[in-house]
Amino acid sequence: MPANPFAPPSPDAATTARFQTVVLPWLDAAYNLARWLVRNEADAQDVVQESLLRALRYFGSFRGGDARVWLLAIVRNTCYTLHARHAPDDRHESLDDEALALPDDCPSPEALTLLAVDIGSLQQALERLPPPLREVVVLRELEECSYKEIATVTGQKIGTVMSRLARARERLRAELSHPTQEAGRHDVR
């Protein structure tokens with residue numbers, strides 16, 4: 001079978017070395033975004049792997065600039081492409097135990113319990129946000145992207161990014177300031 005004439009050429013050793021130097025330092029950021037978008041560790045790993053393959057395949061089209069933003073845009077697009085192909089299964093959720101790990105400076109058991117509840121509440125509230133709101137919060141607050149970088153990653157106007165971020169923060173604030181009925185049942189009165 002003849003090779004696909006529309007496929008980009010395979011990268012040479014110099015391109016691969018440049019890719020490793022420019023793009024691979026942002027691997028953790030890519031995984032973090034994928035993890036929050038697909039909400040499953042195994043799927044996030046698959047998305048990052050596919051994204052890196054796509055990034056390497058099309059690295060010749062990278063014209064410099066911010067490699068982190070370029071890679072995060074590929075990760076975002078890969079998440080939504082794979083999501084469109086496979087029906088989502090939102091019934092299972094996994095908690096990232098490493099994200100819940102506490103520093104070892106020996107706080108009291110009460111402080112540890114309150115901190116775990118706060119982290120868990122924040123993660124749950126973030127999980128409940130719709131994907132467009134969740135992705136801007138993750139990019140801004142966890143990956144520390146600027147509004148311009150978020151606009152580049154998401155393909156939105158800066159005003160849209162700012163609006164989504166404001167709505168996402170307001171929804172998080174509302175959820176975290178109003179305890180759920182489930183939490184209220186466990187309160188001591």
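## A walk around helix α6

The protein has 9 helices and 0 strands. Read from one end of the sequence to the other, the elements therefore spell out α-α-α-α-α-α-α-α-α, with helices following the DSSP runs. What you have on screen is a predicted model, and a word on confidence helps before going further. The mean pLDDT of the protein is 78, and 71% of its residues reach 70 or more. Over residues 90–103, however, the pLDDT is below 50, although this stretch still has 17 contacts in the model beyond near neighbours in sequence. Residues 181–189 also stay under 50 in pLDDT, and for them the model has 1 contact beyond four places in sequence.

Two overall numbers set the scene. The protein has 189 residues, of which 31% count as buried. Among contacts with a separation of 6 or more, 70% are between residues 24 or more positions apart. To see how such contacts look in detail, let us settle on helix α6, residues 131–142, and look at two of its partners.

Start with helix α2, which covers residues 27–38. How do the axes of α2 and α6 cross? They come within 10 Å and cross at roughly 155°. Angles over 145 degrees count as roughly antiparallel, so α2 is roughly antiparallel to α6. The crossing of α2 past α6 is right-handed. If you would like to display the side of α2 that takes part, select Asn32, Leu33, Trp36 and Leu37; these meet Pro131, Arg134, Glu135, Val138, Leu139 and Leu142 in α6. Sorted by class, the residues of this contact are 7 nonpolar, 1 polar and 2 charged.

Now turn to helix α4, residues 67–85. Its axis and that of α6 come within 13 Å, again with a crossing angle of roughly 155°. By that angle, α4 is roughly antiparallel to α6. Here, too, the crossing is right-handed, with α4 passing α6. On the α4 side the contact is made by Leu72, Arg76 and Tyr80, and on the α6 side by Pro131, Pro132, Glu135 and Leu139. The contact of α4 with α6 has 5 nonpolar residues, no polar ones and 2 charged ones.

Leucine 139 deserves a closer look, since its place is in helix α6 and it appears in the contact with α2 and in the contact with α4. Is leucine 139 buried or exposed? Its relative accessibility is 0%, and because anything under 20% is classed as buried, leucine 139 counts as buried. Leaving aside residues up to four places away in sequence, leucine 139 touches Leu33, Leu72, Glu144, Cys145, Ile150, Val153 and Thr154. Of these, Leu33 belongs to the α2 side of the packing and Leu72 to the α4 side. Along the chain, leucine 139 and glutamate 149 are 10 residues apart, and their C-alpha atoms are separated by 8.8 Å.

For a contrast on the same theme, move to glutamate 141, which also lies in helix α6. Glutamate 141 has a relative accessibility of 41%, which falls between the 20% and 50% limits, so this residue counts as partly exposed. The C-alpha atoms of glutamate 141 and leucine 165 are separated by 9.8 Å, with the two residues 24 apart along the chain.

Notes:
Residues are numbered from 1 along each chain as its sequence is written. This is a predicted model: local features need pLDDT of at least 70, side-chain atom pairs count only at pLDDT 80 or more; totals for chains, interfaces and linings use all residues. Side-chain values use heavy atoms; hydrogens and water are left out. Axes are lines fitted to C-alpha atoms, for helices over the stretch in contact, and angles run from 0 to 180 degrees between N-to-C directions. Helices (H or I, at least four residues) and strands (E, at least two) are DSSP runs, numbered from the N terminus. Angles under 35 degrees count as roughly parallel, over 145 as roughly antiparallel, 65 to 115 as roughly perpendicular and the rest as oblique. A crossing is left-handed if the near helix is turned anticlockwise from the far one by less than a right angle, and right-handed if clockwise. Contact means heavy atoms within 4.5 Å. Ala, Val, Leu, Ile, Met, Phe, Trp, Tyr, Cys and Pro count as nonpolar, Asp, Glu, Lys and Arg as charged, and the others, Gly among them, as polar. pLDDT is the predictor's confidence in each residue, from 0 to 100. Buried means under 20% relative accessible area, exposed over 50%, partly exposed in between (1.4 Å probe, protein chains only).
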